[in-house]
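User: I am a first-year student, and I should like to take a close look at a single strand of this protein. Please describe its surroundings and then place it within the whole chain.

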Amino acid sequence: MEQATEDVRRDWSGLPEDLVVNLLREMHVADAVRSGAVCASWHAAYSAFRRLRVPSPRQPPCLLYASDHLGPGAAALHCPATGATLRGRVPSPLAPLSRRPLLGSGHGWLVTADEKSNLHLLNPVTGDQVALPPITAIYHVKMGTDEQGDPAYNVYEDMPGDEFNHLLGPTILDIDRAHLFVYHRVVLSASPSAGRACVVLLLHMPHGEVSFVRLGDDSWTWVSRGQATGLPWRFDYCDAIYSAANGLFYLLQNDGSMCSLDLNGPSPVACEVLNSEILASLPNWCTTTKYLVQTPAQDILQVWRSLEYIDSLVPVDIPPDYMDDERIQDPSLELTTVDMQIYRVHLHGQRVELIKSLPEYALFLGSNNSMCLSVKDFPGLKMNCAYITDDCLADINYRMYNRREVGIWSMAEQGMSKLVHVSPVIYPWLTWPAPIWIKPSLF
């Protein structure tokens, strides 16, 4: 008993700094951040650990969400693998998280927009931020005025050089809300800490266009369609992934067709790798939200998620000031996942194979760069499941105060379960910005 008392009273602040640094190397990012606040000596070790820029250990994904219950501008990281939740303020040089749209995430960084609808990359753990070229640096967006003569963005619906470019006229968007209509999907090839090795791929209006930027560029490079690049002339690119195995992006269209995109040379080069005719006979072919995912074994999957609006059993608490907001449309409706299908893509054989289960993996789907993780590496994750968040643009942008779907889809049971057990009335997250998956990183 005396020995136990002695251990409890042991002064852990006296551990050598190099030992503490080695301990931090093995921790999850959230635990490492908390450890830096234990005492002065551990904070010094944490600072040394940050200066060494040691690659983050293998991190489980967390749900990042804004929460009024934690205080104005507060946020939380909930880790489903451990059940732990880290609460605090996201260090941001711009507006608090609760007033910033979350448009994507990858490699531990968020993609968000400022009050002028310009994109920024933000690390919510460190507060580091990288500004991307402004919205007016996209080929079809120009600065102009609205009908009252106030500043607005003019967004042209046709292609550069089109003879009808000025006859059709632009779509006029409010400066602070243009992000709701222009941006569809943002995918990162690497952490922004890698500098120009990080390529940001943007899928955007008017028809699922494709543009990209390397960090440090002044403008977005539009990937034109047709013979110049090989990019097919079909509309609506809806998702993309970057494969570090071969340095290529893969683009997915709403009809299930796919193409590769090589941005390593002086000019973009695209190549169709899967034709939509192969998928047209499959169930729910044209009625699903589609994702691209790459497994740790480098297999490429298409995940088809079927959604329906149902009557919500949980009352929605809408702030009085927003009762007449045009972005509220029938708040009693709740968007719900009702089915999910997974297809393995055989690129060389130009075919897909229906997969009934993924016993070794867990998927993370939403506005984030889609993830597929081995449950052996993260024992706390449920196998053969998809952790999902609401990423329907129409639902998020036009039903800002409706309940958000955040849960776990079981492929074995073909049904949803809650991510966390919460009060039937009070959810821990705000409905806007919509919660998003992120793998925390210190770099």
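Analyst: Two residues are in contact when heavy atoms of theirs lie within 4.5 Å of each other. With that meaning, 54% of the contacts in the protein chain between residues at least 6 apart in sequence join residues at least 24 apart. The model discussed here is predicted.

The part chosen for the close look is strand β17, which covers residues 258-262. Is β17 mostly covered or mostly uncovered? Four of the five residues in β17 are buried, and the strand is thus described as mostly covered. A residue counts as buried when its relative accessible area is under 20%.

On one side, β17 is joined to strand β16, residues 248-253, by four bridges, and the two strands run antiparallel. Individual positions can be followed across this pairing: Leu251 stands opposite Cys259 in β17, and Leu252 stands opposite Met258. The two strands form a hairpin with four residues between them. Within that turn, Gly256 has a positive phi of about 90°.

The other pairing of interest is with strand β18, residues 269-274. Here β17 and β18 are also antiparallel, and five bridges connect them. Met258 appears again in this pairing, with Leu274 as its bridge partner in β18. A hairpin of six residues leads from β17 to β18.

These pairings belong to an open sheet of four strands, arranged in the order β15-β16-β17-β18 with antiparallel pairing. Strands β15 (237-243) and β18 are at the edges and have a single partner strand each, so one side of each is left without a neighbour in the sheet. On average, neighbouring strands of this sheet are turned by 25° against each other, with direction ignored.

The wider chain can now be considered. It has 443 residues, of which 53% are buried, and its elements comprise seven helices and 28 strands. The exposed surface of the protein chain is about 20,300 Å², and carbon and sulfur atoms supply 53% of this area.

Part of the buried interior is grouped into nonpolar cores. The largest nonpolar core holds 31 residues, and those touching the most other members are Leu64, Phe364, Leu381, Tyr387 and Leu419. Several strands supply at least two residues each to this core, including β1 (62-66), β2 (74-78) and β23 (361-365). The greatest contribution comes from β1, with five residues. Leaving aside residues up to four places away in sequence, Phe364 touches Pro61, Pro80, Ser370, Met371, Leu373, Leu381, Tyr387 and Trp437. A second, separate core has 29 residues, among them Ile138, Leu188, Val213 and Leu215.

Finally, the confidence of the prediction should be taken into account. The mean pLDDT of the protein chain is 84, and 83% of the residues score at least 70. Among its elements, β23 has the highest mean pLDDT, 98, whereas helix α1 (residues 2-8) has the lowest, 48. Over residues 1-6 the pLDDT is below 50, and this stretch has one contact in the model beyond near neighbours in sequence. Where pLDDT is low, the predicted coordinates should not be read in detail.

Note on methods. Residues are numbered from 1 along each chain as its sequence is written. This is a predicted model: local features need pLDDT of at least 70, side-chain atom pairs count only at pLDDT 80 or more; totals for chains, interfaces and linings use all residues. Side-chain values use heavy atoms; hydrogens and water are left out. Buried means under 20% relative accessible area, exposed over 50%, partly exposed in between (1.4 Å probe, protein chains only). Two strands pair if DSSP finds at least two bridges between them. Axes are lines fitted to C-alpha atoms, for helices over the stretch in contact, and angles run from 0 to 180 degrees between N-to-C directions. A nonpolar core is a set of buried Ala, Val, Leu, Ile, Met, Phe, Trp, Tyr and Cys residues joined through side-chain atoms within 4.5 Å. Accessible areas come from the Shrake-Rupley method with a 1.4 Å probe; for residues, only the protein chains shown count as cover. pLDDT is the predictor's confidence in each residue, from 0 to 100.
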